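Reader: I want to learn how to read a model like this one. Can we take it feature by feature?

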Amino acid sequence: MLNAEHTQGAHVGAPRSRVDGRLKVTGAARYAAEFPADSLLHGVIVSSAVTRGKIKRIHTGDAKAQPGVVEVFTHENRPSTAWFDYKYRDETAPPGSPFRPLYDDEIQFSGQAIALVVAETFEAARAAAMLVRVEYTPADHATNLDLQLDEAYVPPKKRNGIKPPPKPRGDAEAAFAAAPVKLQNEYRVAIEHHNPMEPHATTVVWKGGGKLTIHDKTQGSQNSQSYVTNVFGLSADDVEVISPFVGGAFGSGLRPQHQLFLAVMAALQLERSVRVELTRDQTFTLGYRPCTIQQVSLAANRDGKLQSVMHNATAGTSRFEDYQEVVVNWSGLLYDSPNASFDYRLAKLDTYTPSDMRAPGATLGVFALEAAMDELSCELGMDPIELRLRNYADRDENDDKAFTSKELRACYRQGAERFGWSRRSSKPRSMREGRELIGMGMASGVWEAMMQKTAARATLTADGKLEIACATADIGTGTYTILAQIAADALGLPLERVSVKLGDSSLPKSPVEGGSWTAASAGSAVQAACDSVKQALLTAARGLEGSPLANVDLDRIVLRDGRAEVAAHSSAGLAIEDIMRGAGKQKLEAEESAAPSKTAMLTHVGYTHSAVFAEVRVDEELGVVRVTRIVNAVAAGKIINPKTARSQILGGVVMGIGMALEEETLVDHHLGRFMNHNLAEYHVPVNADIHDIDVLFVEEHDEMVSPIGVKGLGEIGIVGTAAAIANAIHHATGKRMRDLPITIDKII
Ligand code: MOS
């Protein structure tokens with residue numbers, strides 16, 4: 001599967017800087033709201049001021065009378081489109097009926113889009129939007145998960161791609177009752193919003209004759225295209241979605257969002273180009289990490305061997321969709337226990353539907369499990385790492401399958417060494433410096449190593465340049481760079497001779513960028529496409545008159561520095577340009593797709609693992625926690641680019657610090673509204689919050705998980721980080737923190 005040249009290529013495995021870095025730092029990279037269009041109109045959304053009820057009357061006359069205003073769309077005058085004839089569900093939609101903007105007079109959540117004011121300038125649209133007056137008939141709402149727990153239900157329909165909780169094993173209740181050491185706790189994590197740098201926006205370029213070019217902030221150009229064609233009854237030939245750059249998303253760009261619908265609706269109706277941007281506060285009307293309440297019960301023998309694991313969770317969802325993620329399953333596969341049971345429920349709330357947010361489900365479930373494991377280690381008087389090693393799972397008991405690879409032991413060992421875990425005294429409140437208590441904590445992390453069927457095209461031109469094309473997105477993760485590295489090595493080219501095109505619905509088919517599967521999926525497709533081009537090139541090279549390669553076996557020919565050469569004789573060879581010219585080829589092109597191995601997945605399952613170590617300093621008088629050091633040791637198969645890979649883990653850890661200490665969307669349940677819908681009041685870590693973060697990648701060989709041996713890194717960095725911090729805070733202060741975020745009031 002892996003050939004020697006590839007693993008030892010000049011680029012794969014090397015810490016290359018981003019190939020798109022210059023475009024980004026010079027502002028040349030264009031984002032969805034930055035694409036120009038002739039006579040562009042601007043749409044501003046009016047949001048509902050109530051949480052539930054009906055629009056009694058909506059007064060748009062004053063707004064319409066403003067200079068520059070072209071139209072005000074509401075449920076009363078919106079064009080009838082295909083959307084309203086049937087319910088299209090996008091690629092990542094959970095079961096249910098997706099939100100339909102301007103569908104009727106019904107209000108389903110606070111901030112719901114209820115009108116779109118379209119004007120010649122953004123300023124005119126914004127000013128007029130303030131003049132839209134709405135009379136509501138409000139209805140009672142429920143936004144507090146605690147008050148809806150009695151109504152919680154097991155989702156009747158499973159969400160595509162989301163594994164339901166595993167079947168119980170043994171008798172978890174009886175084993176719990178009989179065990180000598182046990183604990184049972186409740187864990188809570190607040191609602192969090194993604195808050196990427198780039199707020200959601202769509203620019204629809206009207207090209208005449210009903211043809212549209214759409215620049216959308218999305219993690220899936222083809223998902224957005226399919227949404228638009230299905231909802232508006234257009235053909236795929238008429239709609240191209242081009243989103244080459246995405247300013248972060250963390251999952252918020254997986255589903256087509258309502259600004260896409262509104263911008264397309266207005267463009268089709270007015271036959272003009274239209275841009276709709278959400279304000280930062282309006283981005284809080286999109287999905288979010290659902291408020292989740294969990295119970296974890298652990299029971300062990302005195303030697304630390306787990307006898308029973310029970311993990312139950314209840315999460316909020318909207319009235320109209322059953323959003324699901326994998327919360328409790330991790331407790332069935334991370335450690336070995338003969339008895340285990342799981343339960344995952346939803347409760348309906350009058351909010352918008354939650355959505356995937358970086359390592360959806362795992363951040364929550366693994367936080368609870370790893371905080372409980374730390375507590376169990378204290379009960380046992382056992383080192384937390386030792387407890388984990390005693391219960392190390394060599395097999396995924398949930399699916400009864402072997403792991404494709406699992407170097408978690410090495411993560412514990414190397415992480416502990418780098419962190420200086422041996423310097424930790426075992427007793428809480430035993431380490432202090434000045435007025436600060438020092439704490440050290442650790443946790444495991446786990447995320448599924450997924451791969452999705454993806455296609456890519458490789459085009460080698462007569463000038464010896466290579467273009468790679470795939471519809472997947474680079475949301476800031478480094479996809480452009482790693483695909484260029486894979487392609488450059490496959491054809492023995494300098495990186496500068498490779499260009500990569502992504503984020504365009506007309507390119508070879510890709511699912512949404514997400515789930516940490518893009519490197520494995522698009523990377524394998526690029527490898528396959530380049531291998532095909534290579535075969536064609538070498539065949540052409542051998543067929544040339546007087547070719548020095550004519551009688552050389554294909555597997556003895558290597559491509560390096562833009563030349564095809566006999567492996568051990570670099571003098572005998574041909575430049576790519578000469579081969580192309582000699583063979584009379586303007587280009588050699590191949591499109592290939594890669595998919596997970598069905599046979600391997602019958603017996604094996606792939607997971608990415610990590611061990612996270614945190615040092616905190618807690619000022620007890622002020623209740624201030626500083627996370628002074630994090631070491632995150634990650635086993636993720638092959639690392640294509642240690643530099644961009646490290647950045648992914650850094651980002652995940654920073655988000656984990658936010659989850660542990662700061663991030664919290666506060667709901668005023670009386671109003672049913674998210675109150676801190678801005679970056680002044682929704683706190684994310686800033687420079688002053690971030691100290692030393694050390695990332696190390698543990699060597700892990702895995703030829704089964706994906707054709708290129710890659711597992712993916714976008715999400716594992718956040719998993720376990722909050723637990724390691726909570727555990728460190730316990731070590732520092734002796735206080736258990738089971739409710740995130742751990743704000744000052746909880747410390748004091
Ligand atoms: Mo990720 S939450 O699948 O973008």
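Reader: How many bridges join strand 13 to strand 14, and do they run parallel or antiparallel?

Author: Start with the general idea. Strands of a sheet pair through backbone hydrogen bonds, either parallel or antiparallel. Here, strand 13 (residues 306–318) and strand 14 run parallel, joined by 11 bridges. Within that pair, alanine 313 faces tyrosine 344 of strand 14. Keep in mind that this is a predicted model.

Reader: What is the strand order of the open sheet of 5 strands?

Author: The order is 14-13-12-7-32, and the pairing is mixed. Strand 14 (339–349) and strand 32 (739–740) are the edge strands, each pairing on one side only.

Reader: Which strands does helix 11 lie across?

Author: Helix 11 (residues 362–380) crosses strand 7 (181–189), strand 12 (292–300), strand 13 and strand 32. Against strand 7, the helix runs at about 145 degrees.

Reader: Which strands stand at the edges of the sheet ordered 15-16-26?

Author: That open sheet has 3 strands and mixed pairing. Its edges are strand 15 (395–396) and strand 26 (604–605). Each has a single partner strand, so one side of each has no neighbour in the sheet. Strand 16 (residues 401–403) pairs with strand 26 in the parallel sense, over 2 bridges. There, phenylalanine 403 sits opposite valine 605 of strand 26.

Reader: Now helices. What should the 12 residues of helix 14 span, at 1.5 Å a residue?

Author: The expected span counts one less than the number of residues. For helix 14 (residues 479–490), that gives 16 Å. The end C-alpha atoms are 16 Å apart, so the model agrees.

Reader: Why is helix 14 called largely enclosed by the rest of the structure?

Author: Because 12 of its 12 residues are buried. Among them are Tyr480, Leu483, Gln485 and Asp489. Just after helix 14 comes glycine 492, with a positive phi of about 60 degrees.

Reader: Does isoleucine 579 count as buried or exposed?

Author: Count C-beta neighbours inside 10 Å; 20 or more means buried. Isoleucine 579 has 27, so this residue counts as buried. Isoleucine 579 belongs to helix 16 (residues 576–582). Beyond four places in sequence, its contacts are Leu537, Ala540, Ala541, Leu544, Ala564 and Leu574. Alanine 371 is another matter: 208 residues away in sequence and 61 Å away in space, C-alpha to C-alpha.

Reader: Where is glycine 623 found?

Author: In the loop between strand 27 (607–619) and strand 28 (624–635). With 15 C-beta neighbours inside 10 Å, glycine 623 counts as partly exposed. Sequence distance and spatial distance are separate readings. Glycine 623 and isoleucine 744 are 121 residues apart in sequence, yet 4.9 Å apart in space, C-alpha to C-alpha. Setting aside residues up to four places away, glycine 623 touches Ile744, Ile747 and Ile748.

Reader: What does the UniProt annotation say about residues 26–140?

Author: The unreviewed entry labels them "domain: Aldehyde oxidase/xanthine dehydrogenase a/b hammerhead". In the model, this span is 10% helix and 30% strand. The end C-alpha atoms of residues 26–140 lie 50 Å apart.

Reader: Last, confidence. What pLDDT does the protein average?

Author: The average is 96, and 99% of the residues score at least 70. Over residues 1–8, the pLDDT is below 50. That stretch has 9 contacts in the model beyond near neighbours in sequence. Where pLDDT is low, the predicted coordinates should not be read in detail. As for the overall scores, ipTM is 0.98 and pTM is 0.97.

Technical notes
Residues are numbered from 1 along each chain as its sequence is written. This is a predicted model: local features need pLDDT of at least 70, side-chain atom pairs count only at pLDDT 80 or more; totals for chains, interfaces and linings use all residues. Helices (H or I, at least four residues) and strands (E, at least two) are DSSP runs, numbered from the N terminus. UniProt positions are given in the numbering used here, feature names are shortened, and annotations may be inferred rather than shown by experiment. Two residues are in contact if their C-beta atoms, placed from the backbone, lie within 7 Å. pLDDT is the predictor's confidence in each residue, from 0 to 100. Two strands pair if DSSP finds at least two bridges between them. Axes are lines fitted to C-alpha atoms, for helices over the stretch in contact, and angles run from 0 to 180 degrees between N-to-C directions.
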